[in-house]
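Here are some notes on the enclosed empty space in the model you sent. Please read them with the structure open.

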Amino acid sequence: MKTWRDKILEAFVPHVSPLTLVADPDNLIIEEKILQILYERGFELIPFDDYAAFRFAYESGHRTFWDKNNKTDFNVILRLESDDLKALPYDLLKAGRQLHFRLSELFPNLSYPIVSQLDRSYFDVLFEAQELYNPGQLGKNSTKDFILRHVFNIAPEIIKNPADFLRILLRRHYKKEQIPPMLDERFIQILQQNKEFSEWPAEQIVPDRDAFLEFLQERWPLFLDYILEYTDDSACQRKEVYGLKYPGPAYLPFDHDDIRIYIDNYFLENLLQPVTHPKADLLLKKLSPPKITVGLLIDPEKDNRKRLQSLLESLNQSFPPINCTHHDWCIFAYRLAQLYAGLYELESTPDFEKSLSTIQAETDTALHQWLAQKYSSLYNHPPSPPVMVHHIPRYITRSLDTKNNSKICLIVIDGMAIDQWLVLRDVLSKQNPSLKFKETASFAWIPTITSVSRQALFSGKIPLYFTSNIGSTDNDSKLWSQFWEEQGIHSTEIFYKKGLREFSSLESIKESLSDPKIRVAGLVVDTIDKIMHGMQLGTRGMHNQVHQWATQGMLIELLNLLLDKEFFIYITSDHGNIEAQGVGSPSESNIADLRGERVRIYNDDNSRANIKTKFPGSIDWPSIGLPDNYLPLLAPPRKAFVKVGDRIVSHGGISIEELIVPFIEIERRSP
């Protein structure tokens with residue numbers, strides 16, 4: 001069966017024309033698999049969202065060559081996020097062939113406003129369903145129902161009882177399915193026609209993952225009471241004792257066969273917290289099957305070790321496949337980070353260390369294989385959601401676009417890995433329980449070093465476009481201001497400050513953040529980076545130091561200040577870090593442009609190749625999105641270019657801990 005991509009890809013035959021102009025208002029050719037295939041066919045895609053950046057890439061990389069030689073192996077695609085190619089300069093219109101791609105042509109029988117809200121990763125299933133069922137011309141509601149049923153496996157009319165409803169929500173929120181709000185609204189509308197669900201807080205727990213987790217958490221103690229043979233009436237009476245925040249039934253069927261498999265994972269991955277119970281011994285006898293006791297807290301250290309062992313076994317069976325999406329790797333990164341965050345709270349054992357090393361080695365191999373196929377397509381994705389860190393500025397412009405007089409602040413915690421974010425989050429939640437975190441993840445740039453990834457983050461551009469200062473972070477402030485001025489924000493409304501670490505540095509920015517003119521703030525908190533580069537106790541020591549820093553209160557005071565000043569807050573990192581073992585330091589004289597612990601940078605292939613031969617397992621990473629003469633040599637997996645046997649915490653390579661970083665949106669919970 002043909003896929004929706006075939007209709008697009010058949011237009012891209014290599015060497016037909018050196019330049020192809022594409023009108024792509026629906027972001028079709030920047031879908032992950034299409035980009036991969038285009039790359040494999042020898043096409044290079046250049047977006048036209050930044051005229052100056054495009055001209056630089058086009059003129060320096062291609063135009064000069066074409067003018068000198070009519071025969072070329074280049075296949076350049078200039079993509080315009082508009083339906084009108086006439087907006088392009090005349091010289092480009094004259095030089096290139098022109099193509100138009102529209103979503104309405106791929107799904108002619110479905111309502112365009114509905115289909116356009118879907119993430120492109122769902123188009124495969126939708127296109128197959130359209131071909132298989134041939135639904136005819138559908139209106140808006142019929143299109144919503146068709147998508148709910150065939151893409152998300154949600155058929156509201158056959159949800160008859162709480163177990164049916166819970167199963168759908170547990171699957172949806174565990175997988176972090178990206179269901180558009182208009183589909184949620186349709187689902188809720190149909191669901192509430194059934195009196196069985198009239199008292200359920202569907203408007204909250206269907207679209208909001210945090211609300212759903214809170215709903216489950218506050219029902220869990222009631223479930224434990226109920227299985228001790230309380231009646232329905234007595235369970236309902238205990239709703240008052242537990243002070244439930246969310247309306248709805250007191251009892252949820254956590255022990256139902258379709259529910260239990262999800263509940264186990266929710267507890268294993270810390271999405272739900274186990275609770276104590278005065279009749280725990282009796283519960284252990286009554287809970288069936290025994291595995292559900294993961295939600296019962298008896299011996300904290302023993303229970304945590306048991307939970308981590310189960311999580312480790314689960315991870316070992318669920319590596320993302322080679323054909324997965326970036327979203328799958330981000331989910332896996334959070335699951336692995338949960339393991340790290342829990343593991344380093346316990347005393348180490350040889351068995352755990354051996355199992356962890358196996359997981360890390362297999363993760364490194366799987367991720368490297370996936371990156372070899374998919375990394376080259378990541379940077380051209382649309383910025384919502386932000387797949388790579390340079391997408392983040394464009395993504396957060398929506399806060400200014402959708403809310404009048406709004407203010408935003410991007411906090412970059414230099415060097416923070418996801419597992420360290422989990423440590424921070426737990427402390428912040430205790431310091432201010434009203435904080436609400438929307439957690440996702442983005443890919444840093446390779447090599448995962450500050451001068452590359454952080455400049456991309458603050459500029460909103462790929463590293464190719466800041467070639468002249470790619471080895472320094474001195475221009476971060478300039479790049480940040482330049483991006484926002486291009487969005488129409490005046491320079492007097494933009495603020496940037498780096499080097500934030502202790503309370504004294506916080507005092508220095510309070511006045512600036514209190515200035516009513518400031519609408520956009522970019523802040524760099526470098527405490528974790530400083531901890532990392534002085535760390536001699538490995539990742540376990542990192543966790544202890546990060547926890548200690550968080551408890552001192554500087555970060556929570558910064559967040560409270562920003563919230564009081566009505567800023568929308570985003571937190572991310574430019575790269576993460578790993579514990580690595582030394583394999584020796586190259587003797588290079590002056591041939592390396594950068595001598596990092598996890599990466600060396602060279603300006604010619606011969607120099608890099610020569611050093612690579614001396615360090616088996618090192619990786620000559622291609623200059624994807626980088627200047628042509630910026631050639632990284634990455635240290636072997638979990639290794640570093642330092643004295644043999646030395647152990648350090650560093651960054652620069654392509655481990656999951658270095659490459660996939662947290663991206664957090666913070667707001668206050670509604671009272």
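The points below take the cavities one at a time.

1. The model is predicted, and the remarks here should be read with that in mind. The structure holds 2 cavities of 30 Å³ or more.

2. The largest cavity encloses about 90 Å³ of space. Its lining is made up of D364, L367, H368, R598, I619, A635, P636, P637, R638, I654 and S655.

3. Which helix gives the most to the lining of the largest cavity? That is helix 18, which spans residues 350-378 and contributes 3 residues. D364, L367 and H368, all listed in the lining, fall within the 350-378 range of this helix.

4. In chemical terms, the largest cavity has a mixed lining: 6 nonpolar, 2 polar and 3 charged residues. The charged ones are D364, R598 and R638, while H368 and S655 are the polar ones.

5. The second largest cavity holds about 60 Å³. Around it lie A333, L336, A337, Y340, A417, I418, D419, I656, E657 and I660.

6. Three helices each supply at least two residues of the lining of the second largest cavity: helix 17 (326-343), helix 20 (418-431) and helix 28 (656-659). Helix 17 has the largest share, with 4 residues. A333, L336, A337 and Y340 are the lining residues in its range.

7. How does the lining of the second largest cavity divide by class, and how many of its residues are charged? There are 8 nonpolar residues, no polar ones and 2 charged. The charged pair is D419 and E657.

How values were computed
Residues are numbered from 1 along each chain as its sequence is written. This is a predicted model: local features need pLDDT of at least 70, side-chain atom pairs count only at pLDDT 80 or more; totals for chains, interfaces and linings use all residues. Side-chain values use heavy atoms; hydrogens and water are left out. On a 1 Å grid over the protein atoms alone, a cavity is a set of points where a 1.4 Å probe fits but cannot get out, and a pocket is an open set with protein on both sides within 12 Å along at least five of seven lines; lining residues have an atom within 4 Å of a point. Grid points are joined across faces, edges and corners, and a volume is the space filled by probe spheres set on the points.
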